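Me: I should like to understand the terms used for this structure. Please explain how each one is justified.

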Amino acid sequence: MIRLATPADSSRVFHLLCCAKGAQCPYPAFERTFGELLASGERVCLVAESPEGFLWGYIALRPTDPDDSDDPLSVSELAVTSRMHGLQAWFIARAYRLASALRHCGRIPLARGRCQIAQAGA
């Protein structure tokens with residue numbers, strides 16, 4: 001399943017990024033930065049997880065030109081667990097498809113440099 005990332009995903013995204021990039025920053029700094037990123041609306045942040053709840057992918061999409069209907073988003077960050085590397089292209093394609101669907105139903109109005117994610121029922 002691919003879904004919007006939430007602050008509750010912070011520790012799992014942290015571990016995924018640390019394993020994928022081979023670097024580590026202090027978790028409290030990451031947690032604060034990740035929470036600020038989600039709240040800022042500057043990126044569409046999505047996670048992929050198995051039915052058992054294993055988080056295997058994280059992607060952040062950045063708005064480019066909202067007038068470009070063919071490609072209004074670009075990948076700013078991507079991490080996939082080593083055993084799922086073969087699914088990177090599939091994950092990117094699905095993430096774009098989900099972001100596009102959210103945009104078309106009004107959950108992600110894109111403005112140059114910003115994605116504002118509306119809460120369900122708002």
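Reply: Contact means heavy atoms within 4.5 Å. Please note that the model is predicted.

Me: Which residues does Tyr58 touch, not counting residues up to four places away in sequence?

Reply: Tyr58 touches Val13, Leu16, Leu17, Phe34, Leu37, Cys45, Leu46, Val47, Glu77, Leu78, Ala79 and Phe91. By the definition, each of these contacts rests on heavy atoms within 4.5 Å.

Me: What makes a set of residues a nonpolar core?

Reply: The members are buried residues of nonpolar kinds, Tyr and Cys included, joined through side-chain atoms within 4.5 Å. The largest such core has 15 residues, of which Val13, Phe34 and Tyr58 touch the most other members. Two or more residues come from each of α1 (10-21), α2 (27-40), β2 (44-49) and β3 (55-63). With five residues, α1 gives the most.

Me: How do you know that the span of α1 agrees with its number of residues?

Reply: The twelve residues of α1, at 1.5 Å a residue, should span 16 Å; the end C-alpha atoms are 16 Å apart, and therefore the two agree.

Me: Why are some residues of α1 called buried?

Reply: Buried means under 20% relative accessible area. In α1, this holds for Ser10, Val13, Phe14, Leu16, Leu17 and Cys18. Their cover includes α2, β2, β3 and β4 (73-80).

Me: What makes β2 and β3 a pair?

Reply: Pairing requires at least two bridges. β2 and β3 have six, in the antiparallel sense, so they pair by this definition. Within β3, Leu61 is the bridge partner of Val44.

Methods: Residues are numbered from 1 along each chain as its sequence is written. This is a predicted model: local features need pLDDT of at least 70, side-chain atom pairs count only at pLDDT 80 or more; totals for chains, interfaces and linings use all residues. Side-chain values use heavy atoms; hydrogens and water are left out. Buried means under 20% relative accessible area, exposed over 50%, partly exposed in between (1.4 Å probe, protein chains only). Helices (H or I, at least four residues) and strands (E, at least two) are DSSP runs, numbered from the N terminus. The expected span of a helix is 1.5 Å times one less than its number of residues.
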